[in-house]
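Student: Could we take a close look at just one part of this protein? I'd like to walk through the sheet and whatever packs around it.

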Amino acid sequence: MTDGRLLRGRLAVVTGGSRGIGAAIAEALGRAGARLVLLGRDRAELAARTAMMNDVRGVETKFIVCDVTDEASVVNAFRQIREASGDPHILVNNAGQSAGVPFTDTTRETWDRMIAVNLTGTFLCTQQVLPAMLKAGAGRIVNVASTAGLKGYSHTAAYCAAKHGVVGMTRALAMETAKKGITVNAVCPGYTDTDMAASAIRNLVDAGRTEEEATKAITRVMPIGRLIRPEEVASAVAWLCSPDAAAVTGQAVPVAGGEVMAG
Ligand code: NDP
């Protein structure tokens, strides 16, 4: 490849690609030459991001409204992708939500939502792409887990359980696909500067801290001393999707400023 665009012509699906880390991943994959399909629930946000990718970045990008917790919605989205664009070469399971509540206040609804969006959504989307990847003998699956998939934090039992599940599924599927030209990895960001981190900071402010104290409380655990930037997570994802990373599978790669060691 002479222009360095290692993913030229590859079709990549990014769940939760409308904003935050997912949008940065879309940018990084697009820069590497991939064609994109972005999934999410908010049509207006997806349409705006897709227009920007096409018109400003010059990256062939489509979007489909899809709730990854809803199996029918996922099946329908991937059917549309296959019909319009062919089989995806790359799947990035990035859609996720967090909840910061003490264990005793964790309702069944919160528990189920955390598992559904972070873990079951990853399972459902992976199910949709894996058969064609196996047939092709090639594919890249990257799951955006979290440092919460490698260690515990207080007030996040449901989220930690779901993200540990994502890391476990990643490792198990990597063993099944290691000889088939498919890699399956997770990236584990620490607190990253997106709406999700902003809401974690807001929770601490609501509990009586100043914004500065809240930000410090969050970054105190991070040796790097600052929030991770979405682009830093995206760059790790893009590398894992590249041909250069063909021998890397079953890994949970922290992008966390030194907070955790690779699992
Ligand atoms: P944001 O809240 O900024 O974005 C989340 C994205 O996921 C949005 O595009 C959202 O779109 C989509 N999404 C949420 N629920 C669903 C659903 N049910 N179906 C489809 N799409 C959905 O979060 P981040 O960018 O911060 O997080 C991205 C990933 O990174 C998540 O998996 C998160 O757990 C993980 N992460 C984030 C960290 C952080 O500090 N920010 C740290 C570690 C991991 P829409 O609302 O339109 O559906």
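Student: In what order do the strands of the open sheet run, and is their pairing parallel or antiparallel?

Tutor: Sure, let's start with the ground rules. This is a predicted model, where local features need pLDDT of at least 70 and side-chain atom pairs count only at pLDDT 80 or more, while totals for chains, interfaces and linings use all residues. Residues are numbered from 1 along each chain as its sequence is written, and side-chain values use heavy atoms, leaving out hydrogens and water.

Now the sheet: seven strands in the order S3-S2-S1-S4-S5-S6-S7, paired in parallel. Strands (E, at least two residues) and helices (H or I, at least four) are DSSP runs, numbered from the N terminus. Two strands count as paired if DSSP finds at least two bridges between them. At the edges you'll find S3 (61-65) and S7 (252-255); each has a single partner strand, so one side of each has no neighbour in the sheet. On average, neighbouring strands are turned by 20° against each other, direction ignored. Axes here are lines fitted to C-alpha atoms, for helices over the stretch in contact, and angles run from 0 to 180 degrees between N-to-C directions.

Zoom in on the S7 edge. S6 (residues 182-189) pairs with S7 in the parallel sense through four bridges, and cysteine 188 has proline 254 in S7 as its bridge partner.

Next, the helices. H4 (residues 108-136) packs on the sheet and touches S1, S4, S5 (139-144) and S6, with its direction at about 170° to that of S4. Contact means heavy atoms within 4.5 Å. H3 (residues 71-85) lies across S1 (11-15), S2 (35-40), S3 and S4 (90-93), at about 155° to S3.

What about the inside? The largest nonpolar core has 31 residues, and Ile25, Leu29, Leu36, Val92, Val187 and Val237 have the most contacts inside it. Such a core is a set of buried Ala, Val, Leu, Ile, Met, Phe, Trp, Tyr and Cys residues joined through side-chain atoms within 4.5 Å; buried means under 20% relative accessible area, exposed over 50%, and partly exposed in between (1.4 Å probe, protein chains only). H8 (230-241) is among the elements giving two or more residues to this core, and its seven residues are the largest share. Leaving aside neighbours within four places in sequence, valine 237 is in contact with Ile25, Val92, Val142 and Val187. There's also a second, separate core of 24 residues, including Cys66 and Ala77.
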